[in-house]
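Trainee: Please take one part of this model and walk me through it closely. I would like the chain contact first, then the fold of the partner chain.

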Amino acid sequence: MNRFAELLDRLVLTPSRNGKLKLLSDYFCTVEDPDRGLGLAAITGDLNIAAVKPAMLRALVAERMDPVLFGYSYDYVGDLAETVSLVWPTPQDSIPNREPTLAEVVEKLQSASRSDGPKVLARLLDNSGIAARFAIIKLVTGGLRIGVSARLAKQALADFGKADVAEIEELWHGLAPPYSDLFAWLEGKTPKPENAAKALFRPVMLAHPVEDSDLAKLDPADYAAEWKWDGIRVQVVSEGGVKRLYSRTSDNVAGAFPDLADAVDFDATLDGELLVGSPSATGTFSDLQQRLNRKSVSPKIRERYPAFVRCYDLLQHDGEDLRGLPFRERRTRLEAFAEKLEPTRFDLSPLVAFTAWPELEALRSAPPHPIIEGVMLKRWDSAYVAGRPKGPWFKWKRDPHTVDAVLMYAQRGHGKRSSFYSDYTFGVWSGPEGGEELVPVGKAYFGFTDEELKQIDKYVRDNTIERFGPVRSVRADRKNGLVLEIAFEGLNRSTRHKSGVAMRFPRISRLRWDKPAAEADRIETLQALLD
Amino acid sequence: MRAKDLLCPSPAGLYCPPGDFYIDAVRPVKRALITHGHSDHARSGHQAVLATRQTLDIMALRYGEDFAGTTQAAALGETTDINGVSVTFHPAGHVLGSAQIAVEYEGIRIVASGDYKRMPDATCQPFEVVPCDVFITEATFGLPVFRHPPDQEEIARLLKSIEQFPERAHLVGAYALGKAQRVMRLIRDAGYDMPIYIHGALAKLSDYYQSQGIDLGVLEPATMESGGKGDFAGAIVIGPPSAFADRWARRFPDPVSCFASGWMRIRQRAKQRGVELPLIISDHSDWDELTATIHATGAREVWVTHGREEALVRWCELEGIAAKPLHLVGYEDEGD
């Protein structure tokens, strides 16, 4: 249990992706079965343990210590799981020879009935040290919150077994904790596990962005063009009655879209874009957000924001794997297939006819629908392959929006950047003439070179007016201030931000040392983009 | 004679009216008795100072030879008479030279413990329990959430991380007096014998520790010799915590920031400071040590100086021991 607890503690404080991967693959390497597989399942969210409510945890502590002292402690720490793990009194009479393993903890928690759950939990806490207690409480209260996605955990498995992450993703949904067969294969001890499970995820094909010099080398006749829709990429799989909606990273999101899942009446694997509204009236990305990251959806929300899929590709049909066929042929099959689908829930992503690049460029710059974010180029003869191969597919996005904003706050970075002020909050002007004020509209921490980072860092240190822990407030008024040109993909309404807007994917595109702060943009410029 | 007439709080620090002296005075006074060399307890400018030899040496290193009018070294366990009040220094286990001060007059004994810890520490003499009527205790970590783990476990995590990330430098933030040298010593005891690189602010005090027979191994300045960032890959660099947020830290390759402090027990504290590898190593007593020590002294009354007084006072009430906070000002309760 301690090894798992230590892993959680290190992951939550390690900012870099490579650091996390190293910690995870070392864990898989040094911990044996079944503990490592259970640890993996806990991280990917595939471990089923009956949840314990915070109130029950408090009740357990109340039986064991003075409530006033607990109150002081909780006030200071601020996190219930952490407070309980620290103050839990170790019983003097029954000090165990060794602490329980993760497998023993999971076994006890899973086999506990509802009524004796609290007693089982208390015994486990009695027999564990502080770090292990914290991990146990996190397991039973649900949600580790350690900043590791299932996708990252799979990448760590790939690193550990020198395998391709696509292979692991394809296998994943047919496997179950503690994944002993998966580890045996990754360690080269057994052949790859056979996948008997139905409706598995097929690793997604991705595109490279078009670079300046690319198009000159490409023949327009070799490529089909298609609008790039701004929803979320989704894979609809239905096989032998098992239906799944996978995100690009192989998470099954069917639970959040029961309306869509109900309309699946075929045996096939489709690649497409999940959007809301209806095929004839496509909703915006902020409408779509109403339905994302929810475990369950109320009927009201479902009615207001119905989901549908705009189909891009057909990967499998009636047991036949089509991925090896050229795009031209898959597209023909898809067109025939799409005709038979429920028309309020599925439609076909139209191709964009063109003969020369400048013609397509014109179409890309003025797309017919606001939720189009550019065009996709797909070679007519390309097979559907996992990952992001260079050549067969390209994405050619609309140019980003830009706005000139003024630097307001700077926060120290992490890891390599821990001595630099590298995370910037910026604002634009609002208020009447003569009474202008900056209102923050976003935060960005990339888009600049190392040399520019040094310059901004120096500017921040030289122009600090206030410090709050790791954050510095920077001089910013009509006469003084650093203007940053911010590029962003879109704008949503936000009730959470004072400015009323939230940027999508903001980054710093240029430093405008030359521009006076007073000439930065006003909030009205952004508001105009909302409608 | 009542205890509060023997020692009482005053704006300049804890004052003894019959002996006419102060303990750990925060302003210049005529006669100061000093428990240990941390700057909030040991200040310069007093007319006369009584402290252990090592505390006097440390003060001279920090403030210059003329830090006080006159100085007198107190030998541990030997009683000195000051205006009829008996004063005895006993080891406190906090940092090198640290002492508790027992003050005895007309049959009442009060022990002012300064800062103290009970966990073994190879860089200073262990705490000695002194039975007394009134025990004056600190409460820096006076909450039941503070339970310090064995320090070897923390150092083992540091050494494991160095094996896992050999391409990165490990920067360990540690206070210049006591903590830094204890960390060095623990690293040596764990079998690590490569040079340890140190920030300039640590050099004098570390040399002094070595001169007192505490072997810290080979220490080298953390300056750039050949100019390559690879110079410190896989190395341990120790410096004061403030240095790592500064431009000084940029010379190191993709550093892992570590911080050796009792505060690292709280995850949010580590997160706020951007600490990647918290090392829970403290020179103060944790909750269990504070409560065990109060019991061990047999004191019928406890006075709590700086830190989280309310929880410790509450605990004493529950145990049937009279307790009150002293509300002394001028001591940092954040340092560790």
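Mentor: Start with the contact between the two chains. In this predicted model, 25 residues of chain A touch 28 residues of chain B. On the chain A side, helix H2 (17-30), helix H5 (67-77) and helix H6 (80-87) are the elements that give two or more residues. H5(A) gives the most, with six residues. Sorted by class, the chain A side holds ten nonpolar, nine polar and six charged residues.

Now turn to chain B itself. Its secondary structure consists of eight helices and 19 strands. The C-alpha atoms fill a box of roughly 65 × 45 × 30 Å along the principal axes. The radius of gyration is 20 Å, and this agrees with the value near 20 Å for a compact globule because chain B has 336 residues. Buried residues account for 52% of the 336. Take the contacts in chain B between residues at least 6 apart in sequence: 60% of them join residues at least 24 apart.

Next, the domains. The assignment splits chain B into domain 1 (3-145 + 284-325) and domain 2 (151-279). Domain 1 is thus written as two stretches of sequence. The centres of the two domains, taken over C-alpha atoms, are 30 Å apart. Domain 1 of chain B puts 16 residues into the contact, and domain 2 of chain B puts in 15. The domain 1 side of that contact has eight nonpolar, six polar and two charged residues.

Now look closely at one sheet of chain B. Six strands make up an open sheet, in the order E14-E13-E15-E12-E16-E17, with parallel pairing. Strand E14 (219-221) and strand E17 (277-279) are the edges; each has a single partner strand, so one side of each is left without a neighbour in the sheet. On average, neighbouring strands are turned by 30° against each other, direction ignored.

Go inside the sheet to one strand pair. Strand E12 (residues 170-173) and strand E15 (residues 236-239) of chain B run parallel and are joined by four bridges. One residue pair to find on screen is B:Leu171 with its bridge partner B:Val237 in E15(B).

Last, add the helix. Helix H4 (residues 179-189) of chain B lies across four strands: E12, strand E13 (196-198), E15 and strand E16 (256-260). H4 runs at about 160° to E15(B). That strand, E15, is also the one bridged to E12.

Technical notes: Residues numbered from 1 in each chain as written. Chains lettered and ligands numbered in written order. Predicted model: local features only at pLDDT ≥ 70, side-chain atom pairs only at ≥ 80, totals over all residues. Rg over C-alpha atoms; globule rule 2.2 N^0.38 Å. Buried ≥ 20, exposed ≤ 12 C-beta atoms within 10 Å, placed from the backbone. Contact = placed C-beta atoms within 7 Å. Nonpolar A, V, L, I, M, F, W, Y, C, P; charged D, E, K, R; others polar. Domains from an automatic or database assignment. Pairing = 2+ DSSP bridges. Axes fitted to C-alpha atoms, helices over the stretch in contact; angles between N-to-C directions.
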